[in-house]
Amino acid sequence: MTLPLVMHSQQREAIRATVSYLLYSLAGAALALGGFFFFQVYGVSMEFTPGGVLDIARITSEKNESMILTVTFLTLVGFGAKAGLVPLHAWLPTAHPVAPTPASAVLSGLITKAGVIAMFRVIYYVVGDKFLRGTWVQNAILIMALITIFTGSMMAFTEKHLKKRIAWSTVSQVSYVVFAMMLLTPDGIRGAVLQIAAHAMSKSCLFLSAGVVIYFTLQGANYHYADQLRGVGKELPITMTCFALASVSLIGLPVTGGFAAKWYMASGALNLGIIGLSGVAVLMISALLTAGYLLPIVTDSFFPGDDYDYSNVVPLKLPVNMKLPLLLLSAGAIITGLFAGSLINFVNDKIISLIL
């Protein structure tokens, strides 16, 4: 249903990205569907049940643990395609930039979360965390998530195209959720849910802010690069202020939703041995890279330098239907950190108490 959003412009690049998106989606869906055939045979029910539905006694007696673990891994990788998990991530940085910016916001803020929520269902409601804890599947998905986090951050850091930079950031930030929920700890689950909420707010705000900038200042340009935003904060102060607030949340600075999410992720990873400690290191490196590819845009837009021509700067007045979503989303990115306790209490009562 989201394919028309990607191919909206009907240009060759958009059609090519849509075909790539379709192929990756079908490949991921095929892997996931194949897994559910096995879960139906070796499960006591096909209803999502906290703690899992697998008939562990039967699996153990028939010595099929290795097979079920392999099937679970392929199922998670299949759903991971929707979340942009390496190696099934190539569709995301090509599909998001060619879509209209409101569609990019929906794709990045919401649609990618469908993949991680499906993975969450498989881990905690179909297979069960007890069956996966300490297995090669847990370690493999954690390593894949860390590779994706680092790859996405590094590609965003080196990318010059504005929307592609934000899209590569999505590749990295969504895999934070995969890493957190695969820790199989209460703090990991708390971090995953907080990251889902904070990232949806922040990344939607970034894409919509980019759309406003393109509409008002870069509409005549064929390509939209990050270095073209020099001084744009003088013309669109509200837009770039919202962009800055969303950026600091993605980086994970204190009082933001991103900070609360990453705090719980790190707490949940510390007791997981070398992979957990490696995860904390990768999270810190990724935060530095995130600052490196977002903050220069903000500083250049508000502080273009002494050689910038300020004489022709006229602040542009945004219509309410452009301004209001930016204000609400950027405020949401901060509120999810300031009032993270309410969301944590909900997670404790409605999720953790049932599945762990």
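**Exercise 1. Two cysteines**

Does Cys-242 count as buried or exposed, and what is its relative accessibility? Then determine how many disulfides the whole structure holds, and state how Cys-205 stands to its nearest cysteine sulfur.

*Solution.* The model is a predicted one.

Step 1. Cys-242 has a relative accessibility of 2%. Buried means under 20%, so Cys-242 counts as buried.

Step 2. A search of the whole structure returns zero disulfides. Cys-205 is accordingly in no disulfide, and the nearest cysteine sulfur, that of Cys-242, lies 5.2 Å away.

Step 3. The criterion for a disulfide is a pair of cysteine sulfur atoms within 2.5 Å. Seen from Cys-242, the closest cysteine sulfur is in Cys-205, and 5.2 Å is too far for a bond.

Step 4. Cys-205 is buried as well, at 0% relative accessibility.

**Exercise 2. Overall form of the chain**

Describe the secondary structure of the protein chain, and decide how its radius of gyration stands to the globule rule.

*Solution.*

Step 1. The protein chain has 16 helices and zero strands.

Step 2. Its radius of gyration is 21 Å, and the globule rule gives 21 Å for 356 residues, so the chain is as compact as a globular protein of that length.

Step 3. The C-alpha trace spans about 80 × 45 × 35 Å along its principal axes.

Step 4. Of the 356 residues, 54% count as buried. For contacts between residues at least 6 apart in sequence, 79% join residues at least 24 apart.

Step 5. The accessible surface comes to about 15400 Å², and carbon and sulfur atoms account for 67% of it.

Step 6. The chain carries 21 positive and 15 negative charges, whose mean positions are 4 Å apart.

**Exercise 3. Backbone geometry in loops**

Locate the cis peptide bond between Val-86 and Pro-87, and give the phi values of Lys-63 and Val-255.

*Solution.*

Step 1. Most residues other than glycine have a negative phi, and most peptide bonds are trans.

Step 2. The bond joining Val-86 and Pro-87 is cis, with omega about 10°. Pro-87 sits in the loop between α4 (65-83) and α5 (92-98).

Step 3. Lys-63 has a phi near 55°, which is positive although the residue is not glycine. Lys-63 belongs to the loop between α3 (56-61) and α4. With a relative accessible area of 70%, Lys-63 is exposed.

Step 4. Val-255, also not a glycine, has a positive phi near 75°. The loop between α12 and α13 (257-269) holds Val-255.

**Exercise 4. Two polar side chains in helices**

For Thr-239 and Gln-173, give the helix, the burial and the contacts with residues beyond four places in sequence.

*Solution.*

Step 1. Thr-239 is part of helix α12 (residues 237-251). Its relative accessible area is 0%, so Thr-239 is buried.

Step 2. With neighbours within four places in sequence left aside, Thr-239 is in contact with Ser-209, Val-212, Val-213, Leu-318 and Leu-326.

Step 3. Gln-173 is part of helix α9 (residues 162-182). At 0% relative accessibility, Gln-173 counts as buried.

Step 4. Not counting residues up to four places away in sequence, Gln-173 touches Gln-195, His-199, Lys-203, Leu-250, Lys-262, Thr-290 and Tyr-293.

Note on methods: Residues are numbered from 1 along each chain as its sequence is written. Side-chain values use heavy atoms; hydrogens and water are left out. Helices (H or I, at least four residues) and strands (E, at least two) are DSSP runs, numbered from the N terminus. The radius of gyration is taken over C-alpha atoms; the globule rule is 2.2 Å times the number of residues to the power 0.38. Buried means under 20% relative accessible area, exposed over 50%, partly exposed in between (1.4 Å probe, protein chains only). Contact means heavy atoms within 4.5 Å. Accessible areas come from the Shrake-Rupley method with a 1.4 Å probe; for residues, only the protein chains shown count as cover. Lys and Arg count as positive and Asp and Glu as negative; His and the chain ends are not counted. The place of a charge is taken as NZ of Lys, CZ of Arg, CG of Asp or CD of Glu.
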